Structures are given as structure tokens and as C-alpha cells.
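Here are some short exercises to work through with the model open beside you. Try each task on your own, then compare your steps with the worked solution.

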Amino acid sequence: MVKTLPFEEPVVQLKSKIEELKEYTTKAEVDMTVEISNLEDRLKKLEQEIYENMQPWDRVQVARHPNRPTTKDYIQLLCTNFIELHGDRLYGDDAAIIGGIALLEGNPITIIGHQRGLDTKENIKRNFGMPHPEGYRKALRLMKQAEKFNRPIICFIDTKGAYPGKAAEERGQSEAIARNLVEMAGLKVPVISVVIGEGGSGGALGLGVSNHIHMLENSTYSVISPEGAATILWKDSSLSKQAAEAMKITAPDLKKMNIIDEVIKEVYGGAHRDLQAQASYMKETLLRSLQTLSKLSEDELIADRYDKFRAIGEFIE
């Protein structure tokens with residue numbers, strides 16, 4: 001059962017009405033084809049009106065949807081021959097980040113991403129997609145391996161943030177993220193990041209220093225959650241809706257500010273409504289990015305990444 005979000009209620013009610021009429025037509029043997037057709041036309045217009053005019057808070061809710069596809073879902077549909085690699089060779093294996101080697105359209109790539117669970121048991125195992133330091137060190141180990149064998153790197157970002165607990169701090173959380181930022185900036189192979197859900201804080205940035213950064217239409221990318229920002233600014237987390245609008249954390253806003261490279265279209269209602277179609281939209285973007293970046297030399301790739309991040313920001317002197 002797909003959870004319905006508050007702003008989707010009119011669509012759900014109209015769909016329910018259409019189903020009722022279809023059922024009544026079958027049972028009572030009454031021809032209501034015209035009425036059903038009119039309602040279906042109305043449904044298309046309503047979906048277009050709602051899903052093409054979503055507010056920032058609506059997109060935040062879709063990004064957090066419990067059925068939203070994960071890194072693992074996309075790997076299965078985008079790639080073949082995926083081999084997952086484990087461990088950071090220093091402490092252990094963090095299930096909140098998965099990664100390995102795969103083929104994309106027959107070409108070898110390294111693919112890494114945050115991984116949350118789809119139920120309580122899996123979320124506990126994967127720490128709700130919030131990595132410990134060993135997760136970032138594992139990711140960096142795979143990136144350096146990709147550089148050694150000249151494989152492009154694709155990163156999927158989907159985390160509320162790096163785990164803020166005592167154990168993570170004891171094992172060097174801030175150092176692990178900082179090292180990823182430094183090392184990713186100097187990688188000699190193409191690096192592409194895609195925000196597929198929530199991209200929160202340094203936990204997201206630890207996989208985000210890339211040549212190209214793309215976002216799914218209903219994903220978010222920010223230094224803090226709207227609730228956290230509302231609590232700090234106004235001492236009231238219930239003002240998160242206003243915070244989401246002010247923070248400019250959605251894909252369309254970030255594209256306008258040239259912080260990301262491309263907004264990947266989502267199916268109406270969010271990626272969880274049609275995973276196959278969503279994977280196909282994503283694949284088109286990834287292949288286009290890889291084709292562009294494959295033309296650059298090692299030095300040009302590093303310079304491109306440097307110039308990209310130097311150019312981010314709007315200011316007046």
C-alpha cells in the first residue's frame with residue numbers, strides 16, 4: 001500500500017470515485033463509459049495541476065516518502081553484474097553505505113550510495129541511512145580503487161546526515177568526511193553524484209564533490225533539515241514549511257542558482273509510483289553526463305571540479 005501525502009488527497013479521492021464507477025458498471029451492467037471518461041480527463045488535469053505546481057514542503061514530503069526507491073533499487077535497474085564490496089580495511093563495514101563494481105551499458109563503473117531500509121528491521125541494520133566514519137572510508141577506498149583502474153564513479157545521495165552519535169565521533173566522523181572532500185576533489189576519473197532523496201548536511205557532501213551533480217525533481221539538498229532550521233531561527237520546529245520555502249533546498253531552486261547541473265524529471269506523484277520509468281529517466285541523464293566527461297583529460301576533470309565549486313554562490317560586493 002502506497003502512503004498518500006496530504007497534498008495528494010484530491011487525486012486519491014477522484015481515483016477512488018473512478019474505481020467505484022467502474023465497479024458499479026460491471027456489477028449493475030449499466031453503461032457509464034462517458035461519465036468515467038470525463039472523470040479520467042478531469043483526473044489528468046488535476047494531476048498536472050497538482051504535480052507541476054508543487055510547493056517546497058510538498059517536495060520535502062515526497063523526498064521522505066517511506067516507499068521512495070533506494071540506491072539498491074536503482075542499481076538493480078540501471079546496472080548489470082553488480083558486485084558489492086565491503087569494509088573500510090580499518091574498522092568494519094557500514095551498511096548505511098553500499099558500493100561496488102558494475103556494468104552500465106556494458107561499461108565498467110564504480111557505484112556508491114547511501115542505503116536506508118524499507119522497514120524497521122532493515123533501518124536499524126542500516127542506521128536509517130546515516131553513515132558512521134567507516135562508511136565514508138569504505139566509499140573513499142572504492143573511489144581510489146576506481147581511479148586506479150580508470151573507472152567512472154557514480155554516487156547516489158540519500159541521507160538525513162552523517163550519524164551524530166558518540167561512537168561515530170570517537171572514530172573520527174568529521175575527519176572521515178573532510179578527507180572524502182579533499183580526495184574527491186582530486187580524483188582523476190569522472191565523478192557524478194545524484195541526489196535521489198534527502199541530501200542532508202556533510203553526510204551528503206561526503207559523496208557530493210563531483211563533476212556533475214544531478215537531483216531527482218522531488219529531492220532536497222541542504223546543510224540542515226527544515227525542522228532544524230526552524231528550531232534555530234524561530235525556536236519553533238512547527239514552522240518547517242516556511243523554512244523549506246526560505247532555504248531554497250529543492251531541485252528547481254538549486255538549478256536556478258547553478259548549484260546543481262540537471263534536474264531529473266520524476267513521474268507524477270514521485271519516483272515510488274513507477275520505478276522502471278524513473279530508472280529510465282535517470283539512465284538517460286547518467287549516460288549523457290558520462291559521454292560529456294569522458295572527453296576530458298585527467299587534469300581537465302580536476303580543473304572542471306575545482307571551477308564548478310568555485311563558481312557556486314551568489315553575492316554582491
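**Exercise 1. Cysteines**

Find out why C155 forms no bond with the closest cysteine sulfur, and how many disulfides the structure holds.

Solution. Keep in mind as you go that this is a predicted model.

Step 1: Start at the sulfur of C155 and look for the closest cysteine sulfur, which belongs to C79.

Step 2: Check the separation: the two sulfurs are 13 Å apart, too far for a bond. A disulfide needs the sulfur atoms within 2.5 Å.

Step 3: Look from the other side. C79 is in no disulfide, and the nearest cysteine sulfur to C79 is that of C155. The structure as a whole holds 0 disulfides.

Step 4: Add the surroundings. C155 is buried, with a relative accessible area of 0%. C79 also counts as buried, at 9% relative accessibility.

**Exercise 2. Aromatic rings**

Work out how many aromatic pairs the structure holds, and describe the one formed by Y74 and F156.

Solution.

Step 1: The count of aromatic pairs is 3.

Step 2: A ring pair is described by the distance of the centres and the angle of the planes. For Y74 and F156, the centres are 6.0 Å apart and the planes lie at 50 degrees.

Step 3: Classify the geometry. Planes under 30 degrees apart would be stacked and over 60 edge-to-face, so the pair of Y74 and F156 is tilted.

Step 4: Place the partners in the chain. Y74 sits in helix α4 (residues 71–78) and F156 in strand β4 (residues 153–159); with these positions 82 residues apart, the pair links distant parts of the chain. Both Y74 and F156 are buried.

Step 5: Now turn to the cluster: F7, Y51 and Y268 are joined by ring pairs.

**Exercise 3. Two asparagines with positive phi**

Decide for N81 and for N127 whether each is buried or exposed, and say where each lies.

Solution.

Step 1: Recall the background: most residues other than glycine have a negative phi.

Step 2: Take N81. Its phi is positive, about 55 degrees, although N81 is not a glycine. N81 lies in strand β1 (residues 80–84) and is exposed, with a relative accessible area of 57%.

Step 3: Take N127. Here too the phi is positive, about 55 degrees, in a residue that is not a glycine. N127 belongs to the loop between α5 (120–125) and α6 (133–148), and at 17% relative accessibility it counts as buried.

**Exercise 4. Helices that cross**

Which residues make the contact of α3 with α11, and which make the contact of α10 with α11?

Solution.

Step 1: Two packed helices are described by the angle between their axes and the distance between the axes. The axes of α3 (residues 56–63) and α11 (residues 240–247) come within 8 Å and cross at roughly 100 degrees. That makes α3 roughly perpendicular to α11.

Step 2: Name the contact residues. From α3 come P56, W57 and V60, and from α11 come S240, K241, A244 and E245. Sorted by class, this contact has 4 nonpolar, 1 polar and 2 charged residues.

Step 3: Go on to α10 (residues 226–234). The axes of α10 and α11 come within 8 Å and cross at roughly 100 degrees; the two are therefore roughly perpendicular to each other.

Step 4: In this contact, α10 supplies P226, E227, A229, A230 and W234, while α11 supplies S240, Q242, A243, A244 and M247. The classes are 7 nonpolar, 2 polar and 1 charged.

**Exercise 5. H214 and K15**

Where are H214 and K15 placed, and what separates their C-alpha atoms?

Solution.

Step 1: H214 is in strand β6 (residues 212–216) and counts as buried, at 1% relative accessibility.

Step 2: Leaving out residues up to four places away in sequence, H214 touches several residues, including I192, D261, E262 and T285. The C-alpha atom of K255, 41 residues away along the chain, is 9.1 Å from that of H214.

Step 3: K15 is found in helix α1 (residues 9–28) and is partly exposed, with a relative accessible area of 37%. Beyond its neighbours within four places in sequence, K15 is in contact with L43 and E47.

Step 4: Finally, the C-alpha atoms of K15 and H214 are separated by 32 Å, with the two residues 199 apart along the chain.

Technical notes: Residues are numbered from 1 along each chain as its sequence is written. This is a predicted model: local features need pLDDT of at least 70, side-chain atom pairs count only at pLDDT 80 or more; totals for chains, interfaces and linings use all residues. Side-chain values use heavy atoms; hydrogens and water are left out. Rings of Phe, Tyr and Trp (its six-membered ring) pair if their centres lie within 6.5 Å; planes under 30 degrees apart count as stacked, over 60 as edge-to-face and the rest as tilted. Helices (H or I, at least four residues) and strands (E, at least two) are DSSP runs, numbered from the N terminus. Buried means under 20% relative accessible area, exposed over 50%, partly exposed in between (1.4 Å probe, protein chains only). Axes are lines fitted to C-alpha atoms, for helices over the stretch in contact, and angles run from 0 to 180 degrees between N-to-C directions. Angles under 35 degrees count as roughly parallel, over 145 as roughly antiparallel, 65 to 115 as roughly perpendicular and the rest as oblique. Contact means heavy atoms within 4.5 Å. Ala, Val, Leu, Ile, Met, Phe, Trp, Tyr, Cys and Pro count as nonpolar, Asp, Glu, Lys and Arg as charged, and the others, Gly among them, as polar.
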